[in-house]
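Please look through the structure shown below, and then follow the questions and answers step by step.

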Amino acid sequence: MSCKPNILVLFYGYGSIVELAKEIGKGAEEAGAEIKIRRVKETLPAEFQSRLPFDKVKDIPEVTLDDMRWADGFAIGSPTRYGNMAGGLKTFLDTTAILWRDNVLYGKPVTFFTEASTVHGGHETTILTMSTYAYHFGMIIVPIGYGIPELFQTTTGGGPYGATHLGSKEELDEMEKKIARFQGKRIAEITKLIKCCNK
């Protein structure tokens with residue numbers, strides 16, 4: 001078995017969360033990981049879907065349970081919805097009970113990311129609500145702590161819980177990009193350590 005880690009970057013959303021996912025993927029690749037970036041299937045009613053910018057994600061495949069089985073480590077992201085993960089991500093996670101039954105994700109590392117339109121709009125609580133999934137699956141939660149100087153300097157997104165973006169700005173700023181890439185590198189490195197030790 002190769003020690004090269006397989007990292008699944010999984011997200012729901014259409015705005016800056018897509019860019020965060022891509023930056024995390026780049027960081028994981030730079031650390032030597034094989035990556036897949038996947039999105040969850042949209043579950044909103046048709047009248048809402050017509051307002052969504054699908055063009056931004058049309059080339060990103062929808063996630064399957066086989067993608068979850070393929071991965072050695074995970075980065076999971078969602079924009080905040082009133083301080084919580086979006087319903088689309090929750091709906092997909094609710095379909096993974098067969099993985100829980102078979103202990104497929106037990107002991108695998110996972111990290112989380114989000115975006116919110118205001119500074120105090122739920123960056124931390126959204127990551128915390130996503131993390132409850134990991135407890136039930138026995139996964140290993142990998143925060144980024146204060147392992148990168150930009151976390152002491154950013155006034156927009158990013159914190160010890162994970163990469164975030166201040167969604168009132170259209171583009172990720174350079175600090176947000178660096179924090180996201182650091183998170184991708186960290187999840188890849190921790191996943192590789194665990195995978196190699198279990199050979």
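The radius of gyration used here is taken over C-alpha atoms, and the globule rule that goes with it is 2.2 Å times the number of residues to the power 0.38. The model discussed here is a predicted one.

Q: What radius of gyration does the chain have, and what would a compact globule have?
A: For 199 residues, the rule puts a compact globule near 16 Å, so this is the value against which the chain should be compared. The C-alpha trace spans about 45 × 40 × 30 Å along its principal axes. The radius of gyration of the chain agrees with the expectation, since the chain has 16 Å.

Q: In what order do the helices and strands of the chain run from the N terminus on?
A: The chain holds 7 helices and 6 strands. Written from the N terminus on, with β for a strand and α for a helix, the elements run β-α-β-α-α-β-α-α-β-α-β-β-α.

Q: Among contacts between residues at least 6 apart in sequence, what percentage join residues at least 24 apart?
A: A contact here means that heavy atoms lie within 4.5 Å. One example of residues far apart in the numbering is the pair Ala116 and Thr80, which are 36 residues apart in sequence but 5.5 Å apart in space, C-alpha to C-alpha. For the chain, the share of such contacts that join residues at least 24 apart is 77%.

Q: How far apart are the end C-alpha atoms of helix H7?
A: Helix H7 covers residues 174-197, which gives 24 residues, and at 1.5 Å a residue the helix should span 34 Å. The computed distance between its end C-alpha atoms agrees with this expectation, and it is 35 Å.

Q: Which strands and which helix do the buried residues of H7 pack against?
A: The buried residues of H7 include Ile179, Ala180, Ile187 and Ala188. The buried residues of this helix pack against helix H1 (16-30) and against strands S1 (6-11), S3 (73-79), S4 (109-116) and S6 (164-166).

Q: Is Ala116 buried or exposed?
A: Ala116 has its place in strand S4, and its contacts beyond four places in sequence include Thr80, His123, His165 and Leu166. A residue counts as buried when its relative accessible area is under 20%. Because its relative accessibility is 2%, Ala116 counts as buried.

Q: Which residues does Ser16 touch, not counting those up to four places away in sequence?
A: Ser16 has its place in helix H1, and at 8% relative accessibility it counts as buried. The residues that Ser16 touches are Lys56, Glu115, His165 and Leu172.

Terms used. Residues are numbered from 1 along each chain as its sequence is written. This is a predicted model: local features need pLDDT of at least 70, side-chain atom pairs count only at pLDDT 80 or more; totals for chains, interfaces and linings use all residues. Side-chain values use heavy atoms; hydrogens and water are left out. Helices (H or I, at least four residues) and strands (E, at least two) are DSSP runs, numbered from the N terminus. The expected span of a helix is 1.5 Å times one less than its number of residues. Buried means under 20% relative accessible area, exposed over 50%, partly exposed in between (1.4 Å probe, protein chains only).
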